[in-house]
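Reader: I'd like to learn how to read helix packing, burial and backbone angles from a model. Could you walk me through one?

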Amino acid sequence: MTKTALPTMLSFSAPDLREQIEALPEGTALIGISTDGRAIAVDLDAECPHVLVCTATGGGSTTVLRSLTAQFLHQGAHALVLDPKRISHLWARGLPTVTHRGNVAGIHDALVGLGEELERRLTLTDTELDAAPRLIVSVDSAYHALRQLTRYWETFRDKDDPHMSPAVTALEAALWTGRAARVHVILNGTPAPSILGAAPHEMFGTVILARVSSTAWQRLAPLAGPAPKPSKHRGRGHVIQHGEVHETQAIWMTDADVVTWLTDPDDAAQS
């Protein structure tokens, strides 16, 4: 397969890229451009409705979460952004259709609320559900967030309470039944099997990996063959969908790009 020469950075401000993004149908977001020149996107309705992103430090996972979440917000979705580092998604603060939580207590309460919203949506008629906004649950640093939630729950769990944190239970429920409720998880990091239980490839239709070890590759993308050689290009990784692997240059979208695009699209078009 012939490879296409891609720029070392695929900026949101690149010529025609924004127009290409805005032309996508609702529920579809552009991840980037593959080395064979194809647009690589995630379709939340046609595929398994969740996305897993896992990279080594500096591999661009936070940028991918920001880009995908922003695209769905632009299409009218609402978002719950869980940011255990507190500073990775400052763009999300103050946006009217986004709930941003950084401390463990806030993340716990938000996920418990998510579980209640999931149950409510599952009782809606098809017409009522179609009128509800798509809900994106964007979880950064998921492995550490899940461990924090588990420890936090143990600090006040009564002896008759369930052993598993209700926040973790709610996230697991969203992964298994989210499609039926128009709830979609974009998760950054390795989901700990001891906490979530299921194999990642059973829950995520799109897996985006960059600079991961061969062991991590086999765990997160076991049907995609041996791990390819990691790219040294910033923002370049591998997207796995339907067992196929696409080396892809991901979109680079800054905090300022997102805020301007979502709050003042005319100004974003001129920048």
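Author: Sure. One convention to start: helices and strands here are DSSP runs, numbered from the N terminus, with at least four residues for a helix and at least two for a strand. Keep in mind as well that this is a predicted model.

Reader: Fine. Where does histidine 108 sit, then?

Author: Histidine 108 belongs to helix α3, which covers residues 104–121.

Reader: Is histidine 108 buried or exposed?

Author: The cut-off for buried is under 20% relative accessible area. Histidine 108 has 6% relative accessibility, so it counts as buried.

Reader: Which residues is histidine 108 in contact with, beyond its neighbours within four places in sequence?

Author: Histidine 108 is in contact with Leu149, Tyr152, Trp153 and Phe156, and also with Ser165, Pro166 and Ala167. Some of those names come back when we look at α5 and α6.

Reader: Let's go there. How do I describe two packed helices?

Author: You give the angle between their axes and the distance between the axes. Here, α5 (residues 142–154) and α6 (residues 166–181) pack at about 140 degrees, and their axes are 8 Å apart. That makes α5 oblique to α6.

Reader: Which residues of α5 and α6 meet?

Author: From α5 come Leu146, Leu149, Thr150 and Trp153; from α6 come Pro166, Ala167, Val168 and Leu171. Sorted by class, the α5–α6 contact has seven nonpolar residues, one polar and no charged ones.

Reader: How about α5 on its own? Which of its residues are buried?

Author: First the general idea: an α-helix has 3.6 residues a turn, so residues three or four places apart point the same way. In α5, the buried residues are Ala142, Ala145, Leu146, Leu149 and Trp153. Looking down the axis of α5, these buried residues fall within an arc of 95 degrees, so they line one face of the helix.

Reader: And what length does α5 reach?

Author: From first C-alpha to last, the 13 residues of α5 reach 18 Å, close to the 18 Å expected at 1.5 Å a residue.

Reader: Can we try another helix pair? What is the angle between α2 and α9?

Author: Helix α2 (residues 61–74) and helix α9 (residues 255–263) pack at about 0 degrees, with axes 10 Å apart. That makes α2 roughly parallel to α9. The contact involves Arg66, Ala70, Gln71, Leu73 and His74 of α2, together with Asp255, Val258, Trp261 and Leu262 of α9. By class, the α2–α9 contact has five nonpolar, two polar and two charged residues.

Reader: Back to α6 for a moment. What does alanine 180 touch, not counting residues up to four places away in sequence?

Author: Alanine 180, which is in α6, touches Leu122 and Leu129. At 48% relative accessibility, alanine 180 counts as partly exposed. Alanine 180 also makes a nice sequence-versus-space case: proline 49 is 131 residues apart from alanine 180 in sequence, but 9.7 Å apart in space, C-alpha to C-alpha.

Reader: Last topic, backbone angles. What should I look for in phi?

Author: Most residues other than glycine have a negative phi, so positive values are worth a look. Arginine 86, in the loop between β5 (78–82) and β6 (98–101), has a positive phi near 75 degrees. Arginine 182, in the loop between α6 and β8 (183–188), has a positive phi near 60 degrees.

Reader: Are these arginines, 86 and 182, buried or partly exposed?

Author: Arginine 86 is partly exposed, with a relative accessible area of 46%, while arginine 182 counts as buried at 18% relative accessibility.

Key
Residues numbered from 1 in each chain as written. Predicted model: local features only at pLDDT ≥ 70, side-chain atom pairs only at ≥ 80, totals over all residues. Heavy atoms only, no water. Axes fitted to C-alpha atoms, helices over the stretch in contact; angles between N-to-C directions. Parallel < 35°, antiparallel > 145°, perpendicular 65-115°, else oblique. Contact = heavy atoms within 4.5 Å. Nonpolar A, V, L, I, M, F, W, Y, C, P; charged D, E, K, R; others polar. Expected span 1.5 Å × (residues − 1). Buried < 20%, exposed > 50% of the residue type's maximum accessible area, 1.4 Å probe, protein only. Arc of directions from axis to C-beta.
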